Amino acid sequence: MSETPVLQIRSLKTYFYTKNGVVKAVDGVDLDVGKGRITALVGGSGSGKSMLSMSVMNLVEKPGRIIDGQVWLNGRDLRTLSEKELKDVRGKEIAMIFQEPTSAMNPVLKVKNHLFEAVHTHDKKLRMRDKLDEFRDVLLRVGLGNPDKILESYPFELSGGMCQRVMVAMGIVTNASVLIADEPTSSLDLTTQAAILEELLRLKDAGMAIVLITHDLGVVAQTADDMYVIKDGKVIESGPVCDVFASPQQAYTKFLMEPIALLR
Ligand SMILES: Nc1ncnc2c1ncn2[C@@H]1O[C@H](COP(=O)(O)OP(=O)(O)OP(=O)(O)O)[C@@H](O)[C@H]1O
């Protein structure tokens with residue numbers, strides 16, 4: 001990676017203090033995310049991928065707590081910002097597509113209002129009617145046909161996969177410099193999955209830095225430039241995707257790659 005990374009994470013630690021002891025969800029992670037690149041975070045269930053991204057957004061809830069580290073975004077350490085300043089950063093400079101779209105969406109807001117909120121929070125002069133054409137176009141690009149009907153729908157009127165695509169559309173319209181996508185294609189059929197991945201590649205080509213969290217090494221091979229393998233809250237292997245695939249160093253990385261090796 002030649003340019004200075006847009007997002008640099010250093011020594012980040014997020015622990016959960018439970019009655020059964022301390023869970024080290026993120027345990028001293030260093031990570032660089034470059035402009036115009038897709039950086040994949042891979043690892044098994046419970047390895048700490050989601051908590052790492054929630055920590056970047058400073059959205060960790062009790063009993064979890066970020067206990068150490070820095071999160072540099074465009075030269076500012078987000079960990080030193082006030083909650084008010086962070087609100088401004090979220091959605092404008094760094095956007096996130098959550099793993100659980102139905103719980104991340106407001107049940108009383110129509111899709112058009114979700115999309116509008118994603119842009120209006122940071123530009124109060126915008127008017128809904130001026131954005132509707134763009135919203136229709138983005139909905140079509142994420143595989144949601146009949147966009148006029150979708151714009152007028154409430155989340156409960158849509159399937160989980162449709163909500164997931166609305167979340168992707170919200171990530172796209174923000175035009176943030178970093179987009180964190182947590183399993184953005186997990187509950188989608190293969191055709192829709194391909195459309196979303198295509199869209200992520202288009203955003204990357206437009207200069208966005210994308211963090212792609214996934215279990216699916218096939219998706220990583222198709223789309224990502226760099227990858228980090230996470231286990232027990234730690235980065236155990238990282239590098240350009242082609243290097244890690246060509247010569248994985250850790251037994252755990254080889255284990256994650258086994259399903260792909262079988263397909264070759
Ligand atoms: N509220 C909580 N209380 C206690 N431990 C938690 C809590 N939330 C997450 N953890 C723990 O943090 C660790 C990391 O979880 P995380 O959700 O980041 O994993 P993940 O890699 O994203 O998994 P998945 O792929 O299944 O989403 C796990 O050990 C999990 O049990």
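This passage walks through the sheets, helices, core and ligand shell of a predicted model.

A good place to begin is the open sheet of six strands, which has the order β6-β7-β8-β3-β9-β10 and mixed pairing. Its edge strands are β6 (94–97) and β10 (234–240), each of which pairs on one side only. Averaged over this sheet and ignoring direction, neighbouring strands are turned by 15° against each other. Strands of a sheet pair through backbone hydrogen bonds, in either a parallel or an antiparallel sense. Parallel pairing is found between β3 (residues 38–42) and β8, which are joined by five bridges, and I38 stands opposite I210 of β8. On β7 (residues 178–182), five bridges likewise link the strand to β8 in the parallel sense, with I180 opposite V211. Strand β9 (residues 226–231), by contrast, pairs with β10 in the antiparallel sense over six bridges; here V229 has E237 of β10 as its bridge partner.

Strand β8 deserves a closer look. Six of its six residues are buried, so β8 is largely enclosed by the rest of the structure. In a regular strand the side chains alternate between the two faces of the sheet. In β8, A209, V211 and I213 point one way while I210, L212 and T214 point the other way, and all of them are buried. Beyond residues up to four places away in sequence, I210 touches I38, T39, L179, A181, L200, L203 and K204.

I210 also features in the largest nonpolar core, which has 75 residues; A169, V178 and I210 have the most contacts inside it. Helix α7 (residues 160–174) gives the most to this core, with nine residues. Helix α7 lies across β6 and β7 and runs at about 170° to β6, whereas α8 lies across β3, β7 and β8 at about 150° to β8. Helix α4 (residues 111–120) has its own set of buried residues, namely V111, K112, H114, L115, F116 and A118. The cover over these residues includes α5 (128–141), α6 (147–151) and α7.

Just after α8 comes a contrasting spot. A206 sits in the loop between α8 (190–205) and β8 (209–214). A206 counts as exposed because it has 10 C-beta neighbours inside 10 Å, and 12 or fewer is the cut-off for that class. From A206 to D225 the separation is 19 residues in sequence and 15 Å in space, C-alpha to C-alpha.

The second sheet is an open one of four strands, ordered β2-β1-β4-β5 with antiparallel pairing. Because β2 and β5 (76–77) stand at its edges with a single partner strand each, one side of each is left without a neighbour in the sheet. Within this sheet, β1 and β4 (residues 64–73) run antiparallel and are joined by eight bridges; among the residues involved, K13 has D68 of β4 as its bridge partner. Helix α1 lies across β1, β2 and β4, running at about 70° to β2.

These elements lead on to the ligand. It is surrounded by 15 residues, of which A25, S45, K49, S50 and M51 are the closest. At least two residues of this shell come from each of β1 (7–18), β2 (21–33) and α1 (49–56), and α1 gives the most, with three. By character, the shell divides into five nonpolar residues, nine polar and one charged.

Terms used:
Residues are numbered from 1 along each chain as its sequence is written. This is a predicted model: local features need pLDDT of at least 70, side-chain atom pairs count only at pLDDT 80 or more; totals for chains, interfaces and linings use all residues. A residue is buried if 20 or more other C-beta atoms lie within 10 Å of its own, exposed if 12 or fewer, and partly exposed in between; C-beta atoms are placed from the backbone. A residue is near a molecule or strand if its C-beta atom, placed from the backbone, lies within 6 Å of it. Ala, Val, Leu, Ile, Met, Phe, Trp, Tyr, Cys and Pro count as nonpolar, Asp, Glu, Lys and Arg as charged, and the others, Gly among them, as polar. Two strands pair if DSSP finds at least two bridges between them. Two residues are in contact if their C-beta atoms, placed from the backbone, lie within 7 Å. Axes are lines fitted to C-alpha atoms, for helices over the stretch in contact, and angles run from 0 to 180 degrees between N-to-C directions. A nonpolar core is a set of buried Ala, Val, Leu, Ile, Met, Phe, Trp, Tyr and Cys residues joined through C-beta atoms within 7 Å.
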